[in-house]
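User: I would like a close look at one part of this protein, the sheet and the core packed against it. Please take me through it slowly, as I am new to reading structures.

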Amino acid sequence: MIVEISGKIWFWKGPAPWCFIKVPAKESREIKAIEKLATYGWGMIPVEVKIGKTKYKTALWPKDGAYIVPVKASVRKAESLKEGVKISARLEVITSLQ
């Protein structure tokens with residue numbers, strides 16, 4: 001499954017700070033529908049993400065009935081991205097069928 005999304009980068013100041021973008025509700029529902037084919041536990045969904053010219057593997061995190069996409073520091077540096085900037089991302093969900 002491939003999903004195209006866009007959203008603003010936001011910063012979470014938790015014990016292990018990260019930057020994220022939120023997966024919109026519609027796309028989150030589509031991903032949730034195939035969760036059992038993809039999750040490796042705790043609702044985490046493995047994905048390959050493409051932002052600009054940069055590709056990387058990570059996992060979607062469940063949050064507030066949707067998912068969020070971690071945006072690694074190396075990706076933000078490579079693509080010159082900062083908190084609050086609206087970006088587009090291509091998510092390819094990695095399932096057990098692949």
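Analyst: A good place to begin is a single residue, V69, which, leaving aside its neighbours within four places in sequence, is in contact with I5, C19, F20, I21, V23, V49, Y56, L60 and L91. Please keep in mind that this is a predicted model, and that every value below is computed from it.

V69 belongs to the largest nonpolar core, a set of 24 residues, and it is listed with I51, L60 and L91 as having the most contacts inside that core. The elements that give two or more residues to this core are β1, β3 (18-23), β4 (45-51), β5 (54-63), β6 (66-70) and β7. In soluble globular proteins, nonpolar side chains tend to be buried together.

The strand that carries V69 deserves attention next. Strand β6 is mostly covered, with five of its five residues buried. A66, I68 and P70 point one way from this strand, while Y67 and V69 point the other way, and all of them are buried.

On either side of β6 there is a partner strand. β3 pairs with β6 in the antiparallel sense over four bridges, and within this pairing K22 stands opposite I68. β5 also pairs with β6 in the antiparallel sense, here over three bridges, and the bridge partner of W61 in β6 is again I68. The strands β5 and β6 form a hairpin with two residues between them, and D64 in the turn has a positive phi of about 55 degrees.

Strand β5 also holds T58. T58 counts as buried because its relative accessibility is 18%, and the cut-off for buried is under 20%. Leaving aside its neighbours within four places in sequence, T58 is in contact with I45, P46, V47, V49 and P70.

We can now step back to the sheet as a whole. Seven strands form an open sheet in the order β1-β7-β4-β5-β6-β3-β2, with antiparallel pairing. Its edge strands are β1 (2-8) and β2 (10-12), each of which pairs on one side only. From one strand to the next, the twist averages 40 degrees.

Towards the β1 edge, the strand to follow is β7. Seven bridges join β1 to β7 (residues 86-93), and these two strands run antiparallel; along them, I2 stands opposite E92, and the bridge partner of G7 is I87. Four bridges join β4 to β7, which also run antiparallel, and here E48 has E92 as its bridge partner. Strand β7 has a covered face, made of I87, A89, L91 and V93, and an uncovered one, made of K86, S88, R90 and E92. L91, on the covered face, is also one of the residues in contact with V69.

Finally, it helps to set this part within the protein chain, which has three helices and seven strands and follows the pattern β-β-β-α-α-β-β-β-α-β when read along the sequence. Among contacts between residues at least 6 apart in sequence, 59% join residues at least 24 apart. Buried residues make up 41% of the 98 residues. A compact globule with 98 residues would have a radius of gyration near 13 Å, and the protein chain agrees with this because its own value is 13 Å.

Conventions. Residues numbered from 1 in each chain as written. Predicted model: local features only at pLDDT ≥ 70, side-chain atom pairs only at ≥ 80, totals over all residues. Heavy atoms only, no water. Pairing = 2+ DSSP bridges. Axes fitted to C-alpha atoms, helices over the stretch in contact; angles between N-to-C directions. Rg over C-alpha atoms; globule rule 2.2 N^0.38 Å. Buried < 20%, exposed > 50% of the residue type's maximum accessible area, 1.4 Å probe, protein only. Contact = heavy atoms within 4.5 Å. Core = buried A, V, L, I, M, F, W, Y, C linked by side-chain atoms within 4.5 Å.
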